[in-house]
Amino acid sequence: MNPNELLKLKGTFERRSAAPAGPPTLPKDASVPSQHLRDLSDQLYAVLDFWNSQEIRIDPLVSVYYTRVVAKSNRVHRLLSSKHAKANDSIVGARFYDGPIDPKHLVTHNVKREVVMAAIQDLRTCAQAIDDEFDSQKLTSEQLDAINKKGSRFTLGGLAKSVFGQIVRDAFYVEKFGVYRNEEEPRGSMVVSLFETSRPATELLEHYHIDVMPSQILDNAILLPENEFRVLQAEAPFLIAMSSTDMMTLDPGDFSPNISPLPESIPTPGNEPSIGVIDTGFFKDAYFEKWVIYDNRLSADIELNESDRKHGTAVSSIIVDGPALNPSLDDGCGRFRVNHFTVAKSGKFSSFDVMRKTKSIVEEHASKGIKVWNLSLGSEFAVRANSVSPEAAILDDLQHRLDVVFVVAGTNKTSEASDGRIGAPADSINSLVVNSVDFDGAPASYTRRGPVLEFFAKPDICYYGGTEEHPLTVAGLYATYPDYGTSFAAPWIARKLAYLIYTMELPKEVAKALIVDSATSWGKIEDSTSKGYGVVPIRIEDILYASKDEIKFVISEIINSYETLTYNLPVPLNSDGFPYIAKATLCYFPACSRSQGVDYTNTEVSLRIGRVAEKKKERPDGSTEIKTFIKPINNDSQDTKGVHINEKMARENYRKWDNIKHVGEVLKSRSGTRKTYGTDRWGIGFCVKERLDRGEGRGMRIGLVVTLKELNGVNRIETFINSCAARGWIVTRVDMHQMQLIDQVANVDIEFDDE
């Protein structure tokens, strides 16, 4: 029996606004001693005294050291706020301290002196109020609840109940206040970002006799020689928000090749879609040169030799003609044209310069139809624990603003690498980051590992990049030869992504979700730090089709509300209930803020999918209230009223703030039925949270892939399609072969006779 086609579902979703916040409370059995408030007040006074002693005049940078990884709702709200700005608006950096095992948040604010003085006074007033009105010299959660009750009478030092409660709540989550100082060891030229203040970064650097040319500035990053970085770190470490090493390199491959003849022929290109390649040079006389538009972005006085063209040509050869060169990896995607941009010579080169050119190239070509970009260059140095690299931040911004997606190689181990963590720009959150495996599916010897920012899951997936024992075949100028590296795993994924976007006409969010979802299985994800969600199948059919006992569908939706949900998904039933388990993958491309450090992504979209339950409740007037809700397949209760999940657990268990969410049930038996909860429906829900109160998630597109596996091996896809249509869903079959025919016809050049 033929496999089941992928389905596209389009339906009506409910939109809900967020419920208003209640009065400030403390966790059950928690308390805040008045002495803690006084200690915090003294620490703020010391911070203010420090800034008053500095020659350089800027508004104080105040770092808040929290007692744990905190949710946005548990950051300081009243403290460090003013009539004109919320405390959240003054955040200029966030990092973790106390190590990776039990990290805690350190958040830096840039606030005016009078705001700090007001916070000092508020803390002292609250401390005195606690001593005056509560015998134990501390305020408990029960006492704060009593204060919040309507009609309660407390003097609270003249403060309003809500103000007093919020100050106490702020203080509960704060361990101390201080001034953060950067102590990262430089390694050559450094790309530096200063904390954002009211004064330009160049002006601050001039104060320390560091002159910066415009060519040294890219967005909020500045390129400094090592000696100047050391001067800045010695005199003003409190101004440095983050830093990284300015260096990229190529793969560890390029061993003595066994030369083989080139393919006998390659057809002339038609109107096949193009993939952008940003790399080293290209051999203009390569056998597939008609498939490549070559653009050298290096200075005219930089001469390229043979070694400077080898890596880039090899990468482009896979994109154009990979299946002919490697028949065992024939993916069924055909050939692609390449727009090849040279941004570097071979060996070691400036990542700062590469990313400056990359930004210019992609912005220039976004309107010309290039949506998929391959970047197989990377740093030999490990990414920093507390900041995304400036290279990655540029890629993330491009992908959020423009309808483009990057496939980025996960970088390779070298003898000089300080440890096995991935290097820039493989810490790009929006990019599809690819690591390499051998042909048995084990991580290659040169594979590096994630996560990034101590939390974000990178790499995303992995693919076959060859090994020294079993290399891939790539093309050079006069011959093909064996080579290996993550650089050659990435272009295979770029081909698949391009096929899904160009030929199948799927949004980039759905295409990325399909790639990631195809790498997952019905078991637990293993070795995620090296392999991500798993190995992507070779054939494109295995991404676009499901087995006969599976129903796979995609949903593309624009998010415009706090909550977007449906309770109307008609999963087929048998006589006993739902004979299905499910897995789902969600992808989106959020705006990101590098200045926010570890709190990098600005928008969070959570996913709930599962059976719909109904709970009846008698009202006082005798009528019945029916509460409808989703029972998520992963038991996620983050957005359930009355349920508290701490931020660390939400990140670790439910990938909060990560822009890829995968949830799935484990296949334990090939028979059985799942119980119903009063309905014959499943539901899907998305909940949006904003980090910076800018509403950047509104209007953002999400892509969701859902797979339902029938536990008894029965093919129920027709039942599902008919039931969906009956409930108002528009169902479209994604027929790969039909889309290929349409694409072929559309790409035929028609010549008209002159009459």
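**Entry 1: L80**

I looked up L80 and found L80 in the loop between β4 and β5. I am working from a predicted model. Phi of L80 is near 65 degrees, which is a positive value in a residue other than glycine. I then asked whether L80 is buried or exposed. L80 has a relative accessible area of 3%, so I put L80 down as buried.

**Entry 2: Q137**

I went on to Q137, where phi is near 60 degrees, again a positive value in a residue other than glycine. Q137 sits in the loop between α2 (113-133) and β7 (138-140). Its relative accessible area is 47%, so I recorded Q137 as partly exposed.

**Entry 3: the sheet with β4 and β5**

Both strands that flank the loop of L80 turned up in one sheet. In what order do the strands of this open sheet run? I read the order as β5-β6-β4-β8, four strands with antiparallel pairing. β5 (91-97) and β8 (174-178) stand at the edges with a single partner strand each, so one side of each has no neighbour in the sheet. From one strand to the next, the twist averages 20 degrees.

I checked the pairing of β4 (residues 61-66) with β6 (residues 104-110) and noted five bridges between these antiparallel strands. For S63, I found the bridge partner in β6 to be T108.

I then looked at what lies across the sheet. Helix α1 (residues 34-52) lies across β4 and β8 and runs at about 20 degrees to β8. Helix α4 (residues 161-173) also lies across β4 and β8, but runs at about 85 degrees to β8.

**Entry 4: aromatic pairs**

How many aromatic pairs does a search of the whole structure find? I noted 21. I took the pair of Y463 and W492 and found the ring centres 6.4 Å apart with the planes at 40 degrees, so this pair is tilted. Y463 belongs to strand β19 (residues 461-464) and W492 to helix α10 (residues 486-503), so the pair ties together parts that are 29 residues apart in sequence. I recorded Y463 and W492 as buried.

Next I took F553 and F720. Their ring centres are 5.5 Å apart and their planes are at 25 degrees, so I entered the pair as stacked. This pair links distant parts of the chain, with F553 in strand β23 (residues 550-559) and F720 in helix α15 (residues 717-726), 167 residues apart. F553 has a relative accessible area of 0% and is buried. F720 counts as buried too, at 0% relative accessibility.

I also noted a cluster in which ring pairs link F282, Y287, F288 and Y294.

**Entry 5: charges over the ring of F589**

Which charged ends did I find over the ring of F589? The charged end of K508 sits over this ring, 4.3 Å from its centre. The charged end of K512 also sits over the ring of F589, 4.8 Å from its centre.

**Entry 6: helix α9**

I checked the length of helix α9 (residues 390-401). At 1.5 Å a residue, its twelve residues should span 16 Å, and the end C-alpha atoms are 17 Å apart, which agrees. I then asked why α9 can be called largely enclosed by the rest of the structure. Nine of its twelve residues are buried, so the description holds. I listed the buried residues of α9 as P390, E391, A392, A393, I394, L395, D396, L398 and Q399.

**Entry 7: cis peptide bonds**

I found the peptide bond from A424 to P425 to be cis, with omega near 0 degrees. P425 is in the loop between β17 (405-409) and β18 (432-437). The peptide bond from K458 to P459 is also cis, with omega near 0 degrees. I placed P459 in the loop between β18 and β19.

**Entry 8: I361**

I looked up I361 last and found I361 in helix α8 (residues 351-365). I361 has a relative accessible area of 0%, so I recorded this residue as buried. What does I361 touch, not counting residues up to four places away in sequence? I noted R297, F341, V343 and W373.

I set I361 against Q137 from the second entry. I361 and Q137 are 224 residues apart in sequence, and C-alpha to C-alpha they are 63 Å apart in space.

Conventions. Residues numbered from 1 in each chain as written. Predicted model: local features only at pLDDT ≥ 70, side-chain atom pairs only at ≥ 80, totals over all residues. Heavy atoms only, no water. Pairing = 2+ DSSP bridges. Helix = DSSP H or I, 4+ residues; strand = E, 2+ residues; numbered from the N terminus. Axes fitted to C-alpha atoms, helices over the stretch in contact; angles between N-to-C directions. Contact = heavy atoms within 4.5 Å. Phe/Tyr/Trp six-rings, centres within 6.5 Å; stacked < 30°, edge-to-face > 60°. Buried < 20%, exposed > 50% of the residue type's maximum accessible area, 1.4 Å probe, protein only. Lys NZ or Arg CZ within 6 Å of the ring centre and 35° of its normal. Expected span 1.5 Å × (residues − 1).
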